[in-house]
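Student: I have a structure to study and should like to learn how to read its features. Could you guide me?

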Amino acid sequence: MTSKDILISLSKKIEQKSYHHAFLINCQNQIELDSTAMEIGRLIYCPNNSLPSDNCNICTRVLNNTAIDIAQIGDGTSTISKEEIKNLIKKISLTPLEERGIKIYIISNVENMTIEAANSLLKILEEPPKNTIAILKTLNDSKIISTIKSRCQRYNIISEVKKLESNRLTELVKSGQMVELFLYGQELNKLDKKEIREIVEDFYHNYTLRQNPALSILTLELMQDLQSKKPTSICIENFLIKISEV
Ligand SMILES: [Zn+2]
């Protein structure tokens, strides 16, 4: 999903009062990751559920990093220790001070947690204190233990440009136009592996898993191939040949 899609979907859930207490946001771009996490916090906190910021007192404080009931840890690079998680838990267990009555904690780059820190965090995700919301950010969710992942509403952010590519791949696969699909494969081949991985990941989550599970294993294999040292052109070609046989 793009950041915009995530915020629109979350805004609807807030309106229906049915949103999750923990979010895990995966994005390969740190700036986009940070800004989306901040917007999620702001949106949950804004009494008017306003998209975008309506410059109310609360929105302004969140965006200025001065909202007292929002705690943040992690600088994006250093390891996060058990001690830091414990201190964070202490902070969010206190009664919220602002009228909104919610405590939000944001952890940057949760993939940098030690195992002990991850286990402490897991406990609080399993039994969250009343009215607390967790926003966990990561550049690489494959490094996060599955028990944490399963406790969170997961969002994978893709840029607008790559979303268009993923949509195009979906349309071509859906329509079964193999010649066009092979030509498109050659276009994809011009991008770098990391970019192709992002596109294929989005294709996997939004198309194969939801609409065409028969292609799930082949798509997963492609994702694995793209992590290996195999030349990109071979990874893509293998995938296209296999799906043309399905
Ligand atoms: Zn507001």
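**Reading the cores and loops**

Tutor: Please note at the outset that this is a predicted model. A suitable residue to begin with is Phe23: leaving aside residues up to four places away in sequence, Phe23 touches Ile40, Ala134, Ile135, Leu136, Cys152, Gln153 and Tyr155.

Student: Which residues have the most contacts inside the largest nonpolar core?

Tutor: In soluble globular proteins, nonpolar side chains tend to be buried together. Here the largest nonpolar core has 40 residues, and those with the most contacts inside it are Phe23, Ile25, Ile104, Ile135 and Leu136. Several elements each supply at least two residues of this core, including strand E1 (22–26), strand E3 (103–107) and strand E4 (132–138). The largest share, six residues, comes from helix H2. Apart from this core lies another, of twelve residues, among them Val200, Tyr204, Tyr207 and Phe239.

Student: Where is there a cis peptide bond?

Tutor: A cis peptide bond joins Leu51 and Pro52, with omega about -5°. Pro52 belongs to the loop between H2 and H3.

Student: Is Asn65 exposed or buried?

Tutor: One counts the C-beta neighbours inside 10 Å; Asn65 has 9 and therefore counts as exposed, the limit for this class being 12 or fewer. Asn65 is in the loop between H3 and strand E2 (70–73), and its phi is positive, near 65°.

Student: How many such neighbours has Asn131?

Tutor: Asn131 has 15 C-beta neighbours inside 10 Å, so Asn131 counts as partly exposed. Its phi is also positive, near 55°, and Asn131 is found in the loop between H5 and E4.

How values were computed:
Residues numbered from 1 in each chain as written. Predicted model: local features only at pLDDT ≥ 70, side-chain atom pairs only at ≥ 80, totals over all residues. Core = buried A, V, L, I, M, F, W, Y, C linked by C-beta atoms within 7 Å. Buried ≥ 20, exposed ≤ 12 C-beta atoms within 10 Å, placed from the backbone. Helix = DSSP H or I, 4+ residues; strand = E, 2+ residues; numbered from the N terminus. Contact = placed C-beta atoms within 7 Å.
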